[in-house]
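Subject: Handing over the structure

Hello,

Here is the structure I promised to pass on, together with its sequence. Please open it before you read further, and keep it beside you as you go through my notes.

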Amino acid sequence: MLNGGSVEIEVEECRRHIELIVELCKDIKGTCHADVRKIFAKVAECLEDALAYIRKHEMRINNNNASAISQLNSITQEKK
């Protein structure tokens, strides 16, 4: 033993530190998950907006080129 009882004090202090670390880890985990969910929700919203934009322009392009697409399809069908 070191200096009569100091080991017990150090052990108790280590236990308190470990308990504190565990509590802080739980707090960090809880906080991070909420923030990460918010970030993913925002990213998902941006992706949905981008996809809607792409679909809108895809439909416009298809409508503007419908006759050319039909002509191309008929040419490729003949070659089969």
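To how many salt bridges does the count come? The count comes to two, and before I describe them I should say that this is a predicted model, so that every value below is computed from it.

One salt bridge joins the side chains of Glu-12 and Arg-15, with 3.8 Å from N to O, which falls within the 4 Å that the rule for a salt bridge allows. If you look for this pair along the chain, you will find both residues in helix 1, which covers residues 6-64, and because they are three residues apart there, about one helical turn separates them. Glu-12 is partly exposed, at 35% relative accessibility, whereas Arg-15 is exposed, with a relative accessible area of 51%.

The side chains of Lys-26 and Glu-23 also meet in a salt bridge, here with 3.9 Å from N to O. These two residues, Lys-26 and Glu-23, are likewise three residues apart in helix 1, so that about one helical turn lies between them. Lys-26 counts as exposed, at 51% relative accessibility, while Glu-23 has a relative accessible area of 43% and is partly exposed. You can also use Lys-26 to get a feeling for distances in the model, since from its C-alpha to that of Lys-56 there are 45 Å in space, for a separation of 30 residues in sequence.

Next, please turn to the overall form. The secondary structure of the protein comes to two helices and zero strands. Its radius of gyration is 32 Å, well over the 12 Å that the globule rule gives for 80 residues, and the protein is therefore more spread out than a compact globule. The C-alpha trace, followed along its principal axes, spans about 100 × 30 × 10 Å.

How much of the protein counts as buried? Of its 80 residues, 1% do, where buried stands for a relative accessible area under 20%. The area that the protein exposes is about 7,500 Å², and 62% of it is supplied by carbon and sulfur atoms.

On the surface you will also find a nonpolar patch, formed by Val-36, Ile-39, Phe-40, Val-43 and Leu-47, which together have about 500 Å² of accessible area. Val-43, one of the residues in this patch, has its place in helix 1 and is partly exposed, with a relative accessible area of 41%.

Finally, a word on the cysteines. How many disulfides does the structure hold? It holds zero. A disulfide is a covalent bond between the sulfur atoms of two cysteines. For Cys-14, the closest cysteine sulfur is that of Cys-25, and because 16 Å lie between the two sulfurs, they are too far apart for a bond; the cut-off for a disulfide is 2.5 Å. Cys-14 is partly exposed, with a relative accessible area of 45%, and Cys-46 counts as partly exposed at 43% relative accessibility.

With best wishes

Note on methods: Residues numbered from 1 in each chain as written. Predicted model: local features only at pLDDT ≥ 70, side-chain atom pairs only at ≥ 80, totals over all residues. Heavy atoms only, no water. Helix = DSSP H or I, 4+ residues; strand = E, 2+ residues; numbered from the N terminus. Buried < 20%, exposed > 50% of the residue type's maximum accessible area, 1.4 Å probe, protein only. Patch = residues over 30% accessible without salt bridge, like charges linked within 9 Å, V, L, I, M, F, W, Y side chains within 5 Å. Areas by Shrake-Rupley, 256 points an atom, 1.4 Å probe, with all protein chains shown as cover. Rg over C-alpha atoms; globule rule 2.2 N^0.38 Å.
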